[in-house]
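Please open the model in your viewer and keep the sequence beside it. The tour below proceeds by selections, each followed by a description of what is found there.

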Amino acid sequence: MDFLAGCIGGAAGVLVGHPFDTVKVRLQVQNVDKPLYRGTIHCFQSIIRQESMFGLYKGIGSPMMGLTFINAIVFGVQGNAMRQLGNDTPMNQFMAGAAAGTIQCVICCPMELAKTRMQMQGTGEKKSKRKLYKNSLDCLVRIYKREGLLGVNRGMVTTLLRETPGFGVYFLAYDVLTRSLGFEQNDPYMIPKLLFAGGMSGIASWLSTYPVDVIKSRLQADGVGGVYQYSGIADCVRQSVKKEGLGVFTRGLTSTLLRAFPVNAATFATVTLVLMYARGVEEGPKDCEAAPAAPHHTQLQQQAQASSL
């Protein structure tokens, strides 16, 4: 049930947050010499005006497809890592989260590659005259045929550099916040506290690794038209800083932070409601002896942590 709740909560998060992610990617990779967008609000307005509301949801199929696998990996790796580490301490939460972030890159990198390519397709067009990719799966198949496994895993190193510390910071921040806020069995503010802790943890995680995300997006969007601008990570950093200065590392940050809180709020609210309903159904007929349960704070913390980034 934890797994199912995480999947449903993650799906809710994707639906709420994907428009912000589309804006983030467009701002991160746009040509600085001929910028299409002046900022976050202008980007939102331009996409809706030129491409309709559906333009904000380009590439959503990829994160939806990868969601189940990523949730399974994050739940499994983080839980097993915590059991191996033994003590439930903030540092162990960081290490377990970092391990989960590292392993799930196997799914995350190709998924985000397809998402980025789909989000960039038909920029500024209400109806794309020539679609290079039919959907996310077709995108990955075409990349694989043209570039092989290396092409499908384009941006893997930057994904690892982002996800490993990113998930570590997320789990650490969430653990510290939930311990500080305190949770009781019948706390009327339990859900608002969970939402606040999750949202702020997501923001902390993004702030800790955002410059790496900018480079990852640029590398994954590179070569869409068959022309490659960057030869690697160092070259991408060098060219980006040379053309746009250090401010390049904050491109799209506003839309990312605007996205982080509601995405985590939607994820945590959905996970909590699903688990509360399931627990009521499962425990309703059983008034007899029950096995000792983990503390309520620990249960909620473990159940709601996956796939909120």
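Helices (H or I, at least four residues) and strands (E, at least two) are taken as DSSP runs and numbered from the N terminus. Leu27, the first stop, is found in helix H1 (residues 2-29). Before it is selected, two remarks on the model are in order. The model is predicted, so that local features need pLDDT of at least 70 and side-chain atom pairs count only at pLDDT 80 or more, while totals for chains, interfaces and linings use all residues. Residues are numbered from 1 along each chain as its sequence is written, and side-chain values use heavy atoms, with hydrogens and water left out.

**The whole chain**

Display the protein chain in full: it has 11 helices and 0 strands. Buried residues (under 20% relative accessible area; exposed means over 50%, and partly exposed lies in between, with a 1.4 Å probe and protein chains only) make up 51% of its 309 residues. A contact means heavy atoms within 4.5 Å. Of the contacts in the protein chain with a separation of 6 or more, 78% are between residues 24 or more positions apart.

**Leu27 and His42**

Select Leu27 in H1. With 6% relative accessibility, Leu27 counts as buried. Apart from neighbours within four places in sequence, Leu27 is in contact with Tyr37, Gly39, Thr40, Cys43, Arg251 and Gly252. Now add Leu253: Leu27 and Leu253 are 226 residues apart in sequence, yet 9.1 Å apart in space, C-alpha to C-alpha.

Next, select His42, which is placed in helix H2 (residues 40-51). His42 is buried, its relative accessible area being 16%. 

**H5 against H6**

Two packed helices are described by the angle between their axes and the distance between the axes. Axes are lines fitted to C-alpha atoms, for helices over the stretch in contact, and angles run from 0 to 180 degrees between N-to-C directions. Select helix H5 (residues 105-120) and helix H6 (residues 136-152), which pack at an angle of about 120° with their axes 10 Å apart. H5 and H6 are therefore oblique to each other; angles under 35 degrees count as roughly parallel, over 145 as roughly antiparallel, 65 to 115 as roughly perpendicular and the rest as oblique. To see the contact, show Pro110, Leu113, Ala114, Arg117 and Met118 of H5 together with Ser136, Cys139, Leu140, Ile143, Arg146, Gly151 and Val152 of H6.

**H5 against H8**

Keep H5 and add helix H8 (residues 190-221); the two pack at an angle of about 70°, with their axes 9 Å apart. H5 and H8 are therefore roughly perpendicular to each other. On the H5 side, the contact includes Cys109, Glu112 and Leu113, and on the H8 side Lys216, Ser217, Gln220 and Ala221.

**The rings of H7**

Finally, select Tyr170 and Tyr174, both in helix H7 (residues 156-181), 4 residues apart, about one turn of the helix. How are the rings of Tyr170 and Tyr174 placed? Their centres are 6.3 Å apart and their planes at 5°, so the pair is stacked. Rings of Phe, Tyr and Trp (its six-membered ring) pair if their centres lie within 6.5 Å, with planes under 30 degrees apart counted as stacked, over 60 as edge-to-face and the rest as tilted. Tyr170 counts as buried at 0% relative accessibility, and Tyr174 counts as buried at 0%. Add Phe167 and Phe171 to see the cluster that ring pairs form with Tyr170 and Tyr174.
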